Amino acid sequence: MSAADHELIEEIRDSARDFLQRRDQRQRKRRTPGGERAYWQEIAAVGWLGMSVPEALGGLGLGWHAMAAVLEEAGRAQLPEPLVGAGVLSTALLARINPAGDGTVRDALLQALCTGEKRVGLAWQETEGQLEAGESAGAFGVTVTAREGAYVLNGEKRHVVPGADVDGWLVTADGETGSALFYLPAGTPGVTVQTHERADGSPACHLTIESAVVGGEALLAREGVLDAVDEALDYGRLMQSAELVGVARQVLADSVAYLNTRKQFGQTLSSFQALQHRLVDTTLQVELASNSLLDALNAIAAAPDDVKARKAAASRVKARAARAGIDAARLAIQLHGAIGYTDECDVSLYFRSALHLAAWLGNATAHRQRYGVLAADPAPEADDTAEDAPEGSTPGLDAMEFPREADWNAMPEAAFRKLLRRFFRAHYPDHLRHVPWRLHWDEIKAWYFTLSRQGWIAPSWPREHGGMALSPARQIAFIEEAERYGVARAPDQGLVMLGPILIRHGTDAQRARFLPGILSGEAVWAQGYSEPDAGSDLASLRCEAVIDGDELVVTGQKTWSTLAQEATHMFMLVRTDKTVKKQAGISFLLVDLNSPGVSRRPIRTLSGHEEFCEVFFDQVRVPRGNVVGELNAGWGIAKALLGFERLFSGSPKHASHALQQIFSLARQRGLLADPAFADRLAELRLDSADLTAMYRVFADMAKAGLPLPPELSLLKIWATETHERLGALLIQIAEEYGGAAMRLSYGGGGVQALAPYTNALAATIFSGTNEIQRNIYAKQVLGLQGA
C-alpha cells in the first residue's frame, strides 16, 4: 500500500469514526442488538455497503483496506448493525459470481444491497464447524431439483447471520449439474426461520427449506459457485478480524483509563507492574492481529488469483484476531474487578461481541488447523537453483564479475536481490552458513576482507565515506538476503553503529581518523554500554571519565561487550558529570583498547562460547578529541542506536531458521502425521508468520527513513520469545539429542538441537530485557500512570 493509499485509508477511518460518534452506539446495541433499518439506510448513504464493490458493478471500488478501517471503527464503537453478515458477505459473493443469464438479476440485487434498499443474508453453512462451502453436509444439505421452468429446494442451512429483519437470503444448493446459487425472498412458502440469539444479542437463524418452489429468475449462478462462496467467506473473515481488532483496542483503552483512576492500597492500579505486563502482552496479541491483517490484505491484493494463499491468510488472521479479541475482553473483566462482571459495565458489550465474532465463521482452533494444512512448508532458506545465475553459467563455479559501484537504488529490487544471492554463493564460505553461534574474528575476517575489497562492506554509508549509499529499502533487502543465505554476522559494531554515528555527529578529524580503519578491517570495534549495575537501566552507568587538560581519564568497568577480547577499539558511554540527572551527564567516547590501563576478561556463556567480555579501565588516558558530539550529550546518541538494534533483534530470521530445523527433524522422525504435533507446529507457524508481518511494518518505516517508535518494543518481545518457543519444540522432538553437548548436531546432520533455544534465552536479555521492553511500552505507548 502506497503512502497515498495509506493517507486515503486514514481519511476513511477518521470519517467512519466521526459518523459513528454522532450516536451512542453502545446504548443502541443495548436497546436493539440487531440494529435498525433506518440506520442501515444511513450506513448505505455514507457508502459503506458498496465500499468494496468494484465500480463497474456500481460500488465505490475502494477495496478491502478501506473496508477494514471501517470495520475496526465499528468494532470500537459497538455498531449493532450486522455489517459483516449483511454488508460484506452478500455483496462480496454477488460481485464474484459468474451470473446466470445476462446478469441483470444479479446486478439489480447487488445495487439494491449497496443502496440499503434490501438487506440480505448468506445461507451457506450446513453443519457445525464447517469452514468451506464444498464440505460435505450429509443428509441435511440443501438440494435443488429443476421442475417445469422452476426449482424446488429442500434441506437446512444453519447459523445464518443476520437472522432477522432481512429481505431474503442467498442460498447455495446442490443439484444434478453441480452447485448453484439462488435468491430466496423472505416469506417464500416452504421456508421456516428458527431465530436464536448470538452471545452479543444479535439475531441468527437456522433455515429449514421444505419443497420451496422458486421461479427461474431466482437462479443467480450455476458455475463456480462454491469457489465464489469460499472467497466471500474469506473476505468476511478478514473483515470480521478487523472488527475484532477494534473490539480489542477499545476495551483495552477503556481498561487503561480505568486503571489510571482506580485506586487500591493507596495507589492507582496502573502502577502495579503485574497488571502493566498483562496489558502489554494482550496488546501484543492485538497488534499482531492488526499487522497480520494488513499483511494478508497486501498479499491478496498482490496475488488475487492465488486461492490457496488467500485461504491460508484468512485463517491465519482469523485465528490471531479471535484470540486477541477474547483475551482483551477477558482481561478487561479481570482488570475492572467485580463491576466488569456486570451487565451494566460496557466491558460486557465487548466481551459478548468478541465471543460472537470469534466463534462465527470458524473459531481460532479450526482456523489454526486450516492454516496448518494450507500454508506452504518452509522453503529452503536459500534457493541454490540456477534461476539466479546468468545464462550459461554454473552457480558457484563460474567466475562472475560484480560491480563495485552502481546506481543500486535505481536497480529493480528483484534484480538487486538476485545480484546479492549470486555474490553470496560465489564468495561466502559454505561451511560458515547458518552457524548457530557468534563467530570470532579469526573465523570470519576473510569474509569481512572480501566485502571490503568489493566495496560492499558498508551498505548504509554515503559514497563519500566509502559506502554503497543504499536507500533504507535497499539496506533492508541487503540484510534480508544475507540472513536468508545464512551469512554470519561479523564483528560489525564499527560498521552498523559507530560509523553512522561518526558520519552524523563526529568531526571531520574523527571521520578521517576512524572511518578508513572500519572499512578495511584494520580497526575492530566493540560496544561499551553495559556495566555490572547498569544493564537495562543503562543511564545508571558509573564508569567515569574525568577531564584532565586535553585528556579524559577513564576509570571503571564495562561488561557484556560482544567479542571485545578481539577488538582493537571501543566506543563507550562514560559519566562525565555527576551533578546533573543521570541521563544528562553521559558522554560518548572512543577508546583504543591497546592503551595502558585496559585489561580484558572473556566471559564463557552457558553454551560454552566466549562471546562476551569484561573490560576494565584503570586510569586510562584518552584524548579529549575522542569525544563524539558535545560533552555530556552522549545519551541521545546512545538512544538512536538502540532503536535499530531492536529492529535487528526483531528480525524473523532466527525463528525462520528454527522452523526449518523443526521441519527437517520432523520429516526424519515421521512426526508431521502426528495430530498433536501438527497442531502445536501450526500454532508456532502462525506465531512465526505473524512475527514476519509485524517486522514488515517496522522495516517499512526504516525503508522510508522514518524514526522507529517505542512500539518497536513489541517486535523485540515477540521475536525473541517466538524463537524461544520454537527452540523448546526442537529440543522436545530431538529426544536424547535435546540434552547433548551444545555443538553436537542431531545424528551428525545439520540440525543443532540446542542452539535456537539457548540463543533465544540470550536474545530476551540483550538490547534491554523483555521485561524492560514491557515497561517501556506500558509507559510510553499505553500511557499507564506509574509505569
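Start with the empty spaces inside this predicted model: a search of the whole structure finds 5 cavities of 30 Å³ or more. A cavity is a set of points on a 1 Å grid over the protein atoms alone where a 1.4 Å probe fits but cannot get out; its volume is the space filled by probe spheres set on the points, which are joined across faces, edges and corners.

Next, go to the largest cavity, which holds about 180 Å³ of space. Select Pro80, Glu81, Pro82, Asp200 and His356, the closest to its centre of the 19 lining residues (those with an atom within 4 Å of a point). Which helix gives the most to this lining? Select H5 (83-87), which supplies 3 residues. Helix H11 (347-359) also supplies at least two. Helices here are DSSP runs (H or I, at least four residues), numbered from the N terminus.

Now move to helix H14, residues 441-454. Its end C-alpha atoms are 19 Å apart, which agrees with the 20 Å expected for 14 residues at 1.5 Å a residue (1.5 Å times one less than the number of residues). Select its buried residues (under 20% relative accessible area, 1.4 Å probe, protein chains only): Trp441, Ile444, Trp447, Tyr448, Thr450, Leu451 and Gln454. To see what covers them, show elements including H13 (413-427), H16 (493-505) and H17 (508-520).

Last stop: Gly455, just after H14, takes a positive phi of about 85 degrees.

A note on reading the model: residues are numbered from 1 along each chain as its sequence is written. Local features need pLDDT of at least 70, side-chain atom pairs count only at pLDDT 80 or more, totals for chains, interfaces and linings use all residues, and side-chain values use heavy atoms, with hydrogens and water left out.

How values were computed: 1 Å grid on protein atoms, 1.4 Å probe; cavity = no way out; pocket = protein on both sides within 12 Å on 5 of 7 lines; lining within 4 Å. Buried < 20%, exposed > 50% of the residue type's maximum accessible area, 1.4 Å probe, protein only. Contact = heavy atoms within 4.5 Å.
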